[in-house]
Each structure stands twice: as structure tokens, then as C-alpha cells.
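Please open the model in your viewer and switch to a cartoon view, so that each stop on this tour can be selected in turn.

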Amino acid sequence: MRLVLRSLFMALGLAGSMMSTAASASVLDTVKLHGDIRCGVFPDDPGRSALNVEGNWEGFYVDFCRATAAALFGDPDRVQYLEVDATTRFTSLQKSEADVVMYSTTRTLGRELNYGVRFPAIYLFDGQGFLVRTSSGIDSVHDMSGKSICVTENTSTHQNLVDLLKARGVDAQIHFSNGDSFFRGNCDAYTADRMNLAVNRAHRAENPDEYRVLPLAFTREPIGPMVAEGDEAWARAISAVVNGLILADEKGITQDNVLTMAESNSNGEVQKLLGVSGDLAERLGLPQDWAINMIRSVGNYSEIYQRHFGPDTAVGIEQGLNKPWSRGGILYAPLFQ
């Protein structure tokens, strides 16, 4: 039924008498009408975004799709997943094929200017590094002179690598290839965001112990969801979802205690987030219980992180910077007032 409604709405939008109205409608209004969100995700390894054995999408980025659906509809399953890659993550928004893209995309001013996208929030702070074989003897960038390095084409990662090698005076060969090519022995090192490297090591290496991520992080990589530019209402809604999960983490609101917190917590900001007081939800165009529903569905930020990336997973990466500022990290939500 939702697919029928979507098709009907699109057809009406193309009609001459409705064209100006459809063009000015916010994605938020359109999403509410057709009853689900179209969320762009990359078919990747477990941890980030991948199909499980039951054929369902799961992972860190998928949980932000689910959180958005839960916030809007009270149901985290009201998501249409659209597979995107390094190029179509941008064009899917330009062509209005996706409502939002949840991908490991680094926010840069150039991307916002060149591709007509906007990053409403940041949900992961990372840095670019290197994955090498433990037996390679490579401990630093300078050890890569005369070596080959795999990197994904059409990414900021490639340009960062070029800049690093030039700045350090390192003569290394660059191969446009992915982690699979590295594990096949086609290059001596593989560079990507360090979280990506840890995921690759955990899920693509035949023997993960034979590989290590070098401690060096030579870029800052603020990673966030993307929406098409020019739609403030939709951008604010996505920002509220991401930052609401971060604020819930800071305030100790969890998947298990969110209903109790809504009933008994007297903190003014908690009450505004959970819809107990104030008109924040109405001004955002969201249901009054939007934050309760998304936290009940996916947990707070740290619960999402630990479920997919934490020490008890195959990826095994400590949160580090990706903790709320109150616990030694740099995650910092705007005031919910």
C-alpha cells in the first residue's frame, strides 16, 4: 500500500496543476504521505550496513535509518533500503531517489558545494589510516617507499593519500582497488578510514590476526548522513534524530529505561527531548513521542555503537572520540530547548 501511495503521489506531482505545489513540498511532508523513508545504504560488511542471513539489513548506519522511521512513524521497519555506492550516494539525492543516505561519507565543504548535498549532523568521528600485514615490516608511512597502496577511487581518501605521500616525500605506487584486492596480495597496504579498516580486517581477512591497523591517523573524518540541499525542514528532522540519540546517551536514557525516564525524570532538557513538555516536536514536524519511539527501537548512541563496533564484536573498536563529551569523547548535541 505504501508503494502505491508513493507512486500515486509522484504521478500527481507530475501533473501540470500540481507541479508547483509538489516542487515546494518538503521531503518531510512527502515521506509522511507515502508512509516510509527511502534510505540509501552501501551493501557492506557486517557492522556498518549489510544483509544478514535472514535477508534483513542491519548495522550501525542501518540503525540510523531505523531510528528515523521510528521517530516519524513509531515503526523502525518502515524503511525502503536503496543500495548506493561511492558515486550514487550523491546522485540518488540529486535525482530524489533517496530521501536520506546513511553511509560512511566524510563531510567536506567541497561535497556540499559540488554535489548539492547537506550533512545535517555527524554520527561518527574517524581518521584515515593504513591496514598492513603483520609480517610486512611496515610500521610508518616512510616504510611504504617503493611499496604499493590500495585506495578506493572517487573518494576523499584518495586525495588525502596523495597529499600525505607528497608531504612526507614518500614514493609509493597507488592502486585503485578495494580491501578485497589487498587481501588477495595485490598491494602492500590498504588505506581508508580506520573504522573501515577494522571492519575489513574483521570480516574479509581469512585470518584477521595476520593483519593490523597502524596507529597513525592522518586526517580528521567527520562522517554523517546526507540529504539534498535546500530543504531545511527535512534536514532539521534528520539532525534531531542523530542528535537526539547523542543527547539520550549523555543523559543516561537507554532502550530499557526510556519510558521510566519520560515518567519520572525532572531534567528540563530530558523532558523536552521525550515530549513531556514544550513544543519542540510540533515545531520539528514530528510526533510528540518521536524520541521515545526511536530510543525504544534502537537504543541511544552508545548502544548502537557497542552493538555494531564495540569490543564485544568482531570489529572490536573502543568508542574513543565517539563518546558524549561528558564521558571524555567529543559527541556534542545542540541544546534541546
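The tour below goes from a sheet to a helix, then to the nonpolar cores and a pocket, and the model it follows is a predicted one.

Begin by selecting the strands of the open sheet, where 5 strands with mixed pairing stand in the order β10-β9-β11-β8-β12. At its edges you will find β10 (173–176) and β12 (211–213), each of which pairs on one side only, and on average neighbouring strands are turned by 30° against each other, direction ignored. Strands of a sheet in general pair through backbone hydrogen bonds, either parallel or antiparallel.

Next, select β8, residues 128–133, which runs antiparallel to β12 and is joined to it by 3 bridges; if you show Leu-131, its bridge partner in β12 is Val-213.

Keep these strands in view and add helix α9 (residues 194–204), which lies across β8, β11 and β12 and runs at about 125° to β11.

Now show side chains for the largest nonpolar core, which has 64 residues, and look for Phe-60, Tyr-123, Leu-124, Trp-234, Leu-274, Trp-290 and Met-294, the ones that touch the most other members. A second, separate core of 15 residues includes Ile-138, Met-144, Leu-164 and Ala-189.

Finally, turn to the second largest pocket, whose volume is about 510 Å³. Which residues of its lining are the closest to its centre? Select Phe-42, Tyr-103, Thr-152, Tyr-190 and Asn-196 to see them, out of 28 that line this pocket. Strand β11 gives the most to the lining, with 4 residues, while α7 (156–168), α8 (179–183) and α9 are also among the elements that give two or more.

How values were computed. Residues are numbered from 1 along each chain as its sequence is written. This is a predicted model: local features need pLDDT of at least 70, side-chain atom pairs count only at pLDDT 80 or more; totals for chains, interfaces and linings use all residues. Side-chain values use heavy atoms; hydrogens and water are left out. Two strands pair if DSSP finds at least two bridges between them. Axes are lines fitted to C-alpha atoms, for helices over the stretch in contact, and angles run from 0 to 180 degrees between N-to-C directions. Contact means heavy atoms within 4.5 Å. A nonpolar core is a set of buried Ala, Val, Leu, Ile, Met, Phe, Trp, Tyr and Cys residues joined through side-chain atoms within 4.5 Å. Buried means under 20% relative accessible area, exposed over 50%, partly exposed in between (1.4 Å probe, protein chains only). On a 1 Å grid over the protein atoms alone, a cavity is a set of points where a 1.4 Å probe fits but cannot get out, and a pocket is an open set with protein on both sides within 12 Å along at least five of seven lines; lining residues have an atom within 4 Å of a point. Grid points are joined across faces, edges and corners, and a volume is the space filled by probe spheres set on the points.
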